[in-house]
Amino acid sequence: MTQTLEEKKSLNLAFFILLGIIFWFTGVLFIRLGGEKLFINDSPWLLFLFALAIPISWIFVKISAIFGKVSGAELLSALAIETTTATLIDGSVLTWFQNIYSYDQSKLLLIAAWLLWGGGMGLAVGYLESLRSINEKPQTPS
């Protein structure tokens, strides 16, 4: 039995939404299992945390590309779905369930900034990876 194009698209959408949820949950675990101690105003660790978002984003992009079997523009679309999912969850949690991230209001601002930075870095890294995968495709003779 072969899948129709519509069935494949809906499976991909569900898969990338699931990845967005998993990536969101990974961020929550990081924050809850020690990251909260690092989100302190004027902490020298803040720069490290923001820089750490770059390789973490690259890992998530690679996971999406490999397990989602996408590259190029499809990879960027997949990352947009994942980032939208995670950002919508973050916004909801930061509005109604803040204690999931932290009980300290001053830390919540830094955590929210880091989450936004991570989402932006994921899209930026994904864009660069999508360009790289387009440029690596073998050229067909014309």
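Which residues is T85 in contact with, leaving aside its neighbours within four places in sequence? I opened my notebook with that one, and the entries below follow from it.

**Entry: T85**

I looked up the contacts and found I17, G20 and I21, once the neighbours of T85 within four places in sequence are left aside. A reminder to myself before going on: this is a predicted model. T85 is found in helix α3. Its relative accessibility came out at 13%, and because buried means under 20%, T85 counts as buried. I then checked what the side chain of T85 does, and it reaches the backbone oxygen of I81 at 2.8 Å.

**Entry: the overall layout**

I stepped back to see the whole protein. I counted four helices and zero strands, and from the N terminus on the elements run α-α-α-α. The ranges I noted are 5-32 for α1, 45-68 for α2, 72-96 for α3 and 105-136 for α4. Of the 142 residues in the protein, buried residues make up 34%. For the surface I wrote down about 9200 Å² exposed, with carbon and sulfur atoms supplying 71% of it. I also looked at the contacts with a separation of 6 or more: residues 24 or more positions apart account for 75% of them.

**Entry: the largest pocket**

How much space lies in the largest pocket? I read off about 610 Å³. The lining has 30 residues, and those closest to the centre of the pocket are F23, F60, L115, G118 and G119. Next I asked which helices supply the lining, and α1, α2, α3 and α4 each give at least two residues. The largest share, nine residues, comes from α4. By class, I sorted the lining into 16 nonpolar, twelve polar and two charged residues.

**Entry: S57**

G118 came up again when I turned to S57, which lies in helix α2. Not counting residues up to four places away in sequence, S57 touches G118, M121, G122 and V125. Is S57 buried or exposed? S57 is buried, with a relative accessible area of 5%. I also noted a polar atom of the S57 side chain lying 3.4 Å from the backbone nitrogen of G122.

**Entry: Y103**

On to the loop between α3 and α4, where I found Y103. Since exposed means over 50%, Y103 counts as exposed at 64% relative accessibility. Which residues does Y103 touch, not counting those up to four places away in sequence? I found R32 and E36. The pair Y103 and E36 seemed worth a distance check: the two are 67 residues apart in sequence and 9.7 Å apart in space, C-alpha to C-alpha.

**Entry: two more pairs along the chain**

I did a similar check for L29, which lies in helix α1. L29 and Y101 are 72 residues apart in sequence, and C-alpha to C-alpha they are 9.0 Å apart in space. L29 counts as partly exposed, at 36% relative accessibility.

Then I took G91, found in helix α3. Its partner in this check was L116: G91 and L116 are 25 residues apart in sequence and 9.9 Å apart in space, C-alpha to C-alpha. G91 counts as partly exposed as well, at 34% relative accessibility.

**Entry: backbone angles in the loops**

Last, I went through phi values. Most residues other than glycine have a negative phi, so positive values were what I was looking for.

Where is D42 placed? I found D42 in the loop between α1 and α2. Phi of D42 is near 65°, a positive value in a residue other than glycine. D42 is exposed, with a relative accessible area of 79%.

K69 lies in the loop between α2 and α3. Phi of K69 is near 55°, again a positive value in a residue other than glycine. At 73% relative accessibility, K69 counts as exposed.

**Entry: recap**

Before closing the notebook, I put the residues side by side.

- T85 in α3 is buried at 13%.
- S57 in α2 is buried at 5%.
- Y103, in the loop between α3 and α4, is exposed at 64%.
- D42, in the loop between α1 and α2, is exposed at 79%.
- K69, in the loop between α2 and α3, is exposed at 73%.

Note on methods. Residues are numbered from 1 along each chain as its sequence is written. This is a predicted model: local features need pLDDT of at least 70, side-chain atom pairs count only at pLDDT 80 or more; totals for chains, interfaces and linings use all residues. Side-chain values use heavy atoms; hydrogens and water are left out. On a 1 Å grid over the protein atoms alone, a cavity is a set of points where a 1.4 Å probe fits but cannot get out, and a pocket is an open set with protein on both sides within 12 Å along at least five of seven lines; lining residues have an atom within 4 Å of a point. Grid points are joined across faces, edges and corners, and a volume is the space filled by probe spheres set on the points. Ala, Val, Leu, Ile, Met, Phe, Trp, Tyr, Cys and Pro count as nonpolar, Asp, Glu, Lys and Arg as charged, and the others, Gly among them, as polar. Buried means under 20% relative accessible area, exposed over 50%, partly exposed in between (1.4 Å probe, protein chains only). A polar contact is a pair of N or O atoms within 3.5 Å; within protein, one must be able to donate a hydrogen and the other to accept it, and residues adjacent in sequence count only if both atoms are side-chain atoms. Contact means heavy atoms within 4.5 Å. Accessible areas come from the Shrake-Rupley method with a 1.4 Å probe; for residues, only the protein chains shown count as cover.
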